[in-house]
Amino acid sequence: MLRGTHSTKTISEVSGTGRKPWQQKGLGRARHGTLRGGSTMHGPKPRSHAIKLKKKVRRLGLKIALSARAAEGKLHVFEDLEAPPRKTKNIVNYVNQLENTKRVLLVDGGPINVNLKLATQNPLYVNVLPSIGLNVYSILLHDTLVMSRDAVDRIVERMRTPINR
């Protein structure tokens, strides 16, 4: 994985003097212009390797991923995602009731409720995101998507199109 931190030194960055070490002719020695050496021309320099997608393409990817989960029957919508204070047991029981589920993504409309955050903190197979942070990678990484009605409304508003085609 490239981090963009690779770098080589050009002729101006290599340490050493630019002065001619001895005269060109008359000494019987090889010709030298400088005692600087070891530079690389047109070598790698630090840069970003990020790929930027257009907004339309990102929206389309999100729409296709959500439509795929809905077609599989792996998209569950509730009125709200309220959890009893710090009760992980209820979340674990709910996930165990779902068939063929290894990872669950809970998506809430606004800021994440403190009780919900604390209840889902321990199980590694349950993650929580606000609707603004929902992305294609997270949808594809989790096999089941549980959303609140508010989250669905905000996502539809953000995409400016309904989820199902």
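**View 1. The side chain of H142 reaches back to the backbone oxygen of S138, at 2.7 Å.** This is a predicted model, where local features need pLDDT of at least 70 and side-chain atom pairs count only at pLDDT 80 or more, while totals for chains, interfaces and linings use all residues. Residues are numbered from 1 along each chain as its sequence is written, and side-chain values use heavy atoms, with hydrogens and water left out. The reach from H142 to S138 is a polar contact, meaning N or O atoms within 3.5 Å; within protein, one must be able to donate a hydrogen and the other to accept it, and residues adjacent in sequence count only if both atoms are side-chain atoms. You'll find H142 in the loop between α4 and β4; these labels are DSSP runs numbered from the N terminus, helices being H or I with at least four residues and strands E with at least two. Is H142 buried or exposed? It counts as buried, because its relative accessibility is 3% (buried is under 20% relative accessible area, exposed over 50%, partly exposed in between, with a 1.4 Å probe and protein chains only). Apart from its neighbours within four places in sequence, H142 is in contact with R69, R103, V104, L105 and N127 (contact means heavy atoms within 4.5 Å).

**View 2. T101 sits in a loop and holds on to two partners.** The loop in question runs between α2 (88–97) and β2 (104–108). What does the side chain of T101 reach at 3.1 Å? The backbone oxygen of E99. The side chain of T144 is also a polar partner of the T101 side chain, again at 3.1 Å. Setting aside residues up to four places away in sequence, T101 touches K74, D143 and T144. With a relative accessible area of 18%, T101 is therefore buried.

**View 3. Strand β4 is tucked away on both faces.** β4 covers residues 144–148, and five of its five residues are buried. In a regular strand, the side chains alternate between the two faces of the sheet. Here, T144, V146 and S148 lie on one side, L145 and M147 lie on the other, and all are buried.

**View 4. β4 pairs with β1 and with β2.** Strands pair if DSSP finds at least two bridges between them. β1 (residues 75–78) runs parallel to β4, with four bridges between them; one bridge partner in β4 is M147, matched with V77. Which way do β2 and β4 run? They are parallel too, joined by four bridges. T144 in β4 is the bridge partner of V104.

**View 5. L75, in strand β1, is partly exposed.** That label fits because L75 has 22% relative accessibility. Not counting residues up to four places away in sequence, L75 touches L66, R69, A70, L145 and M147. What about L53, which is 22 residues apart from L75 along the chain? Their C-alpha atoms are separated by 26 Å.

**View 6. How confident is the predictor, going by mean pLDDT?** The protein has a mean pLDDT of 88, and 96% of its residues reach 70 or more (pLDDT is the predictor's confidence in each residue, from 0 to 100). Among the elements, helix α4 (residues 136–141) has the highest mean, 94, and α2 the lowest, 86. Where pLDDT is low, the predicted coordinates should not be read in detail.
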